[in-house]
Amino acid sequence: MSRAEKIIMGEGVKQLPQVKLLEYGFQVSKGLAAHPYTMVQFNPNQIVEAMNQGRTILYLDKKGDLLAFGQIWHYGQSSTGQEIKEFGSWMSFKKGGFGVSVLKAVRDLHFHLYPLSQLVAIVELDNKKAQKIIEDLLRVKSKSTLSKFLKTKDGKPALMRIYDITLS
């Protein structure tokens, strides 16, 4: 990361002007819309709400343009009652490893916000690049799961890869 670029997460995001948060919200929502069968869809207001709740990570360039994004949202509960949070809406808007930096940061944000919960990343089967990044960087293995939120074009639950990326 050069001195001109910066990662802002959690409480820091809430300090940005609302007009910028709305701009980022539209950008992320538009990015998600390009992947309707592989990424959970959030509208701009839902993205801004996550930012205002301190559940997001932004990677900005020196002009304040969004290079990469990720958020933590409630996924469910384990069979033992433990909360499960998902690292989602993970996307880069430019090449250069910005998404990797967001992935590294999300575990710290999760631990700060939800220290007793599990953190998972769920990746579509065809996204080999994201799978490789998670596996190489975090040294975790995945298992197959049917999505609770995403459907295939045929209306069936999408088959995904799920990773436990909880900071241990």
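How are H2 and H3 oriented to each other? In this predicted model, the axes of helix H2 (residues 18–33) and helix H3 (residues 44–52) come within 8 Å and cross at roughly 125 degrees. An angle counts as oblique when it falls outside the ranges under 35, 65 to 115 and over 145 degrees, and H2 and H3 are therefore oblique to each other. Their crossing is right-handed.

On the H2 side, the residues that meet H3 are Gln18, Leu21, Leu22, Tyr24, Gly25, Phe26, Val28, Ser29 and Leu32, and their partners in H3 are Pro44, Asn45, Ile47, Val48, Met51 and Asn52. Sorted by class, this contact of H2 with H3 has 10 nonpolar residues, 5 polar residues and no charged residues.

Two residues of this contact, Tyr24 and Met51, reappear in the largest nonpolar core, which has 26 residues and in which Tyr24, Met51 and Leu58 are those with the most contacts. Two or more residues of this core come from each of H2, H3, strand S2 (56–60), strand S3 (66–77), strand S4 (83–92), strand S5 (118–124) and strand S7 (157–164). Not counting residues up to four places away in sequence, tyrosine 24 touches Leu16, Met51, Leu58, Leu60, Gly64 and Leu66. A second, separate core of 22 residues includes Phe98, Val102, Leu109 and Val123. In soluble globular proteins, nonpolar side chains tend to be buried together.

Lysine 14 and threonine 56 can be considered side by side. Lysine 14 lies in helix H1 (residues 11–14), whereas threonine 56 lies in strand S2. They are 42 residues apart in sequence and 9.4 Å apart in space, C-alpha to C-alpha. Their accessibility is given below.

| Residue | Relative accessible area | State |
|---|---|---|
| Lysine 14 | 30% | partly exposed |
| Threonine 56 | 0% | buried |

Because buried means under 20% relative accessible area, threonine 56 at 0% is buried, while lysine 14 at 30% is partly exposed.

Leaving aside neighbours within four places in sequence, lysine 14 is in contact with Met51, Asn52, Gln53 and Gly54. With the same neighbours set aside, threonine 56 is in contact with Ile8, Met9, Gly10, Val13, Ala50, Met51, Phe69, Gly70, Gln71 and Leu109. Met51 is thus among the contacts of lysine 14, of threonine 56 and of tyrosine 24, and Leu109, which threonine 56 also contacts, is one of the residues of the second core.

Conventions:
Residues numbered from 1 in each chain as written. Predicted model: local features only at pLDDT ≥ 70, side-chain atom pairs only at ≥ 80, totals over all residues. Heavy atoms only, no water. Axes fitted to C-alpha atoms, helices over the stretch in contact; angles between N-to-C directions. Helix = DSSP H or I, 4+ residues; strand = E, 2+ residues; numbered from the N terminus. Left-handed = near helix turned anticlockwise from the far one by under 90°. Contact = heavy atoms within 4.5 Å. Nonpolar A, V, L, I, M, F, W, Y, C, P; charged D, E, K, R; others polar. Buried < 20%, exposed > 50% of the residue type's maximum accessible area, 1.4 Å probe, protein only. Core = buried A, V, L, I, M, F, W, Y, C linked by side-chain atoms within 4.5 Å.
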